[in-house]
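Subject: Structure handover

Hello,

Here is the structure I said I would pass on. My notes follow below it.

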Amino acid sequence: MIELKNINKIYNIGQPDESHVLKDITFSVKKNNFTILRGPSGSGKSTILSIVAGLIKPTSGEVIVDGKSIAKLPDKFAANLRSEKIGFIFQKFNLIHDLSAIDNIIIPLLPSKLHKSEIIERSENIMTELSISDKKDLLVKKLSGGEQQRVAIARALINKPKIILADEPTANLDKKLSLAFLEIIKQLKEKGLTILLASHDPIFDNLECIDNIVDIQLGEIK
Amino acid sequence: MNLKLLDFALKSLKRRLGKKLAVIFIFSFLVFLLISVFSIASSLKKELQISVDALPELIVQKMKAGRQTLIPVERTYKIATIPGVEKAYDRVWGYYYFFNANVNFTVVGLDFDLEAYKQKYNKIIKMYSGITDTITSPFMIVGKGVKKILEENFYDKYFNFIKVTGGKIETTIIGTFTDESAMETNDIVLMPVTQVRELFDIPEEYATDIVVRVPNPLEVDVVKRKLQYMFPDCRIVSKSDIEASYQNIFDYKSGLFLVLLIAAFIAFFILVYDKTSGLSLEDRREIGILKAVGWQVENVLQIKFLEGILISFFSFALGSGLALFYVYTLQAPLLRNIFTGASILKPDFQLLPVIDFQLFFLVFILTVPIYIMATIIPSWRAAIIDADEVMR
């Protein structure tokens, strides 16, 4: 489902502050697998997720997502890939704080040709599944951290993606909320989604549902 | 048109209402100022054009020591014999200063049994012939502005004119008249010529000036030269001389407005520059989020375009509406005085409604597309950067 071959990412090439953040990264994630990218802060986990999502391009190497090479994909096609196949859960949730929960959730589908009523129905179903339907009209800034994360998950699921990318999803949550998040992730896996999650939270150690762990340090797989 | 994006753009405007209201205020104010100034100018130009159109081709004024003085009536007959002259009329008129209201009335003498030199006066004569044929005491027909001022000073039915030789003439107001051009007729008082002679002490054999009708425009200059030759003590004023003099005053006053408009434009372009020079961190972050969840650059630009359209169209409509209300309903207090002069020596007049679509189009082109571009360009700059970078 996801394949990275000899991925390198160098920022500010030729500049005094040049930094080689990813070095020959190669791994793959099979369909319906739950893979953890594990490593300390600054090891390059988020950069890998951004490359898989097509948010940034690798300096060299090949990225294949659902059979398509995306390393040199033009911006327009990368956006299509994200809107059709990928749901991204960001570390800081990246919600628009002065919009309501439901307005945040439906954002990915606004440019689509789907009718608004269908989009609303879809979002309400997801909110019910994630137990936040009573919060739908509240502004995101008025929600708790756990509720904000569920809104971010709902937004990631609204386009019915095949792949979920999650960047440090429990970094801003307490243990109880982190466990609740784990339950959601397990359910997503049961539904057949492929999950690539970057975290250095020990809560993800020794979980039965995890199929693969990729350890990264200083931009290299260990 | 994707209505979902339009809905999102509307919500986006509501979210930053304070900032957007500031933009709407500046934008509307500029449109308001431009349309107000140009509308006042158009309205006054129309007034002036009507006044100029009503002028005779030539006016003969006798001069003495550089000032206008009374002209012998007998010259009217001589002028009428000049080839090219259709008719010549001696006019008896003058300004009457009404000190209670600190205004001047233009008192015009008419012979109610003869044809007047102005077509519209003939209409008035005909309209009031039932009264003027029978009334024996002094009477007058007044412009609406005069009527208003007299009523304000409790002269509802009559007015006591003070003669230049002393004594008074109690004059009954038998009616009022109005015209398309309020500026021209508002301060006019029409009364029998004998009464005006008595009021201003003008002897029978003299008049204030003589107007000359020359139907062929090509003949006007020739007739003017002949008149100058025949009467070297006279000043011959042509219609085009008066028109040029009006235009000069008008252009000078318009120049004053230029300064005001330049200041308004500077404010607008500072606003535009501020918008084009960069987006706030919040705006950049939002564009990054939209791209990260699968929006394409054109989707981002679409909502920014819609935001720009909503703000600029609303501001344009608001500014235009307020300007029309200010100019034609409120009669442009303050601004109008710059054009017409703050003098109260002439009775007040109404600005004529003139809707100039070219003017609206010009103001639209000068503001709306510039603002929309100023909204889109920085968003486009942010949208073409990697979403990951924009969100950081």
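Two strands count as paired here if DSSP finds at least two bridges between them. The model is a predicted one, and what follows should be read with that in mind.

The sheet in chain A

With that criterion, chain A has an open sheet of 6 strands in the order 6-7-8-3-9-10, and the pairing is mixed. Strand 6 (86–89) and strand 10 (220–221) of chain A each have a single partner strand and stand at the edges, so one side of each has no neighbour in the sheet.

At one edge, strand 6 of chain A runs parallel to strand 7 (residues 163–167) of chain A, with 4 bridges between them. Within strand 7 of chain A, the residue opposite A:Ile89 is A:Ala166. Helix 5 (residues 145–157) of chain A packs on the sheet here and touches both strand 6 and strand 7 of chain A. The direction of helix 5 of chain A makes about 165 degrees with that of strand 6 of chain A.

Further along the order, strand 3 (residues 34–38) and strand 9 (residues 212–217) of chain A are parallel and joined by 4 bridges. A:Ile36 has A:Ile213, in strand 9 of chain A, as its bridge partner.

At the other edge, strand 9 and strand 10 of chain A pair in the antiparallel sense, over 2 bridges. A:Ile216 is bridged to A:Ile221 of strand 10 of chain A. These two strands of chain A form a hairpin with 2 residues between the strands, where A:Leu218 takes a positive phi near 50 degrees.

The contact between the chains

How many residues of chain A are in contact with chain B? There are 21 from chain A, in contact with 21 residues of chain B. On the chain A side, helix 2 (residues 75–85) gives the most, with 5 residues. By character, the residues of chain A that touch chain B comprise 10 nonpolar, 7 charged and 4 polar.

A helix in chain B

Helix 11 (residues 281–292) of chain B has 12 residues, and from its first C-alpha to its last it reaches 16 Å, close to the 16 Å expected at 1.5 Å a residue. Its buried residues are B:Arg284, B:Glu286, B:Ile287, B:Gly288, B:Ile289, B:Leu290, B:Lys291 and B:Ala292. After helix 11 of chain B comes B:Gly294, with a positive phi near 110 degrees.

Regards

Key. Residues numbered from 1 in each chain as written. Chains lettered and ligands numbered in written order. Predicted model: local features only at pLDDT ≥ 70, side-chain atom pairs only at ≥ 80, totals over all residues. Contact = placed C-beta atoms within 7 Å. Axes fitted to C-alpha atoms, helices over the stretch in contact; angles between N-to-C directions. Nonpolar A, V, L, I, M, F, W, Y, C, P; charged D, E, K, R; others polar. Expected span 1.5 Å × (residues − 1). Buried ≥ 20, exposed ≤ 12 C-beta atoms within 10 Å, placed from the backbone.
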